[in-house]
Amino acid sequence: MSGETSRRLVVFTGSGISADSGLDTFRTSGGQSLWAQYDPQVVCNFECWEDNFDLVHDFYSRRREELAGVEPNDAHRLVVDWEKRYNAELITQNVDDLFERAGARYVMHVHGFLSAMRCVSCGAQWLFGYKRFSLETDRCPRCGRLESVKPNVVFFNEPAPRYAEMWKILGSLTRNDVLVAIGTSGLVLPIGAIARDSAALTVLSNLQSAESPRDEDFDFVLHGRAADIAPQLDALVRELMEK
């Protein structure tokens with residue numbers, strides 16, 4: 001089907017899509033989020049992460065170990081199918097690799113990549129996998145420093161280098177295009193305002209909660225777990241893309 005439609009499809013996802021695979025979300029209602037268990041100003045603050053070096057690496061080591069134990073769900077596989085079918089452009093706030101493991105060719109991770117490391121001293125970046133970080137052996141492969149190695153995840157008060165590219169894509173959508181938002185609270189990136197301002201047809205797939213974007217900001221809304229409502233979401237997107 002790829003190439004048979006002039007419409008562009010952009011898919012914007014948040015942690016809700018991976019929560020269906022069993023990953024804890026950083027933010028959610030009900031007190032079950034990671035930020036309800038850990039202080040983000042300690043484990044995810046660029047201004048003081050080096051002062052909390054051991055705790056930061058322990059926190060993200062635990063996240064990688066959790067990631068190793070889960071699999072992509074039907075919503076991940078659906079989005080990958082859209083990539084194949086419609087050349088969908090995938091933008092995710094998630095730092096996990098579940099889209100890649102589902103077969104995605106290209107994913108824009110605007111908040112970094114959990115299974116990679118970055119050296120803030122020399123700028124080196126490298127894949128690290130799902131293992132725990134060792135305070136004795138895991139030094140930067142380029143400059144050999146230990147104290148400047150951080151998870152390649154965008155912390156609070158740290159620049160997000162992919163944002164400029166993301167805003168360019170979102171701002172280029174026309175009335176012939178489709179923007180689908182899946183599993184995002186809109187607390188970090190204001191997907192409701194993005195949808196209101198977009199010329200594209202907009203679709204929201206989300207759980208209903210106090211933190212959800214407003215339904216009225218979108219042209220079409222489906223409520224429920226993304227993995228559970230994947231068939232309905234696919235039918236809607238197919239109708240919009242192929243009409």
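Which residue in S2 is the bridge partner of Val10? I looked this up to open the notebook, and it is Glu89. A reminder to myself before going on: this is a predicted model.

**Entry 1: strand S1**

I stayed with Val10 and turned to S7, where its bridge partner is Leu179. I then looked at the two pairings of S1 as a whole. With S7 (residues 178–182), S1 runs parallel and is joined by 5 bridges. With S2 (residues 89–92), the pairing is also in the parallel sense, over 4 bridges.

Next I asked how covered S1 (residues 9–13) is, and I found 5 of its 5 residues buried. I checked which way they point: Leu9, Val11 and Thr13 go one way, while Val10 and Phe12 go the other. That fits what I expect, since side chains in a regular strand alternate between the two faces of the sheet.

**Entry 2: the parallel sheet**

I traced the sheet that holds S1 and read the strand order as S3-S2-S1-S7-S8-S9. It is an open sheet of 6 strands with parallel pairing. At its edges I found S3 (108–109) and S9, each pairing on one side only.

I followed the S9 edge a little further. S8 (residues 201–206) runs parallel to S9, and 4 bridges join them. In this pair, Asn206 stands opposite His223.

**Entry 3: Gly224**

Just past that edge, I picked out Gly224, in the loop between S9 (220–223) and H9. Is Gly224 buried or exposed? I noted a relative accessible area of 18%; that is under the 20% cut-off, so Gly224 counts as buried. Setting aside neighbours within four places in sequence, I listed its contacts as Asn206, Leu207 and Ile229. Asn206 is also the residue I had seen opposite His223. I also took one C-alpha separation: Gly224 and Gly192, 32 residues apart along the chain, are separated by 18 Å.

**Entry 4: helices H5 and H9**

From the loop I moved on to H9 (residues 230–242) and its packing with H5 (residues 74–86). Their axes are 10 Å apart and make an angle of about 20 degrees. Angles under 35 degrees count as roughly parallel, so that is how I describe H5 and H9. H5 passes H9 in a right-handed crossing.

I then listed who meets whom. From H5 come Asp74, Leu78, Trp82, Arg85 and Tyr86; from H9 come Ala230, Leu233, Asp234, Val237, Arg238, Met241 and Glu242. Sorted by character, the contact residues are 7 nonpolar, 5 charged and no polar.

I also checked H5 against the parallel sheet. H5 lies across S1, S2 and S7, and it runs at about 165 degrees to S1.

**Entry 5: the antiparallel sheet**

I found a second open sheet, of 3 strands in the order S5-S4-S6, with antiparallel pairing. S5 (125–127) and S6 (149–153) have a single partner strand each, so one side of each is left without a neighbour in the sheet. From one strand to the next, the twist averages 40 degrees. Between S4 (residues 112–119) and S5 I noted 3 bridges, and Met117 stands opposite Trp126 in S5.

**Entry 6: His57**

Met117 led me to my last residue, since it is one of those touched by His57. His57 is found in H4 (residues 53–68) and is buried, at a relative accessible area of 2%. What else does His57 touch, not counting residues up to four places away in sequence? I wrote down Trp49, Phe133, Val149, Lys150 and Pro151.

Note on methods:
Residues numbered from 1 in each chain as written. Predicted model: local features only at pLDDT ≥ 70, side-chain atom pairs only at ≥ 80, totals over all residues. Heavy atoms only, no water. Axes fitted to C-alpha atoms, helices over the stretch in contact; angles between N-to-C directions. Parallel < 35°, antiparallel > 145°, perpendicular 65-115°, else oblique. Left-handed = near helix turned anticlockwise from the far one by under 90°. Contact = heavy atoms within 4.5 Å. Nonpolar A, V, L, I, M, F, W, Y, C, P; charged D, E, K, R; others polar. Buried < 20%, exposed > 50% of the residue type's maximum accessible area, 1.4 Å probe, protein only. Pairing = 2+ DSSP bridges.
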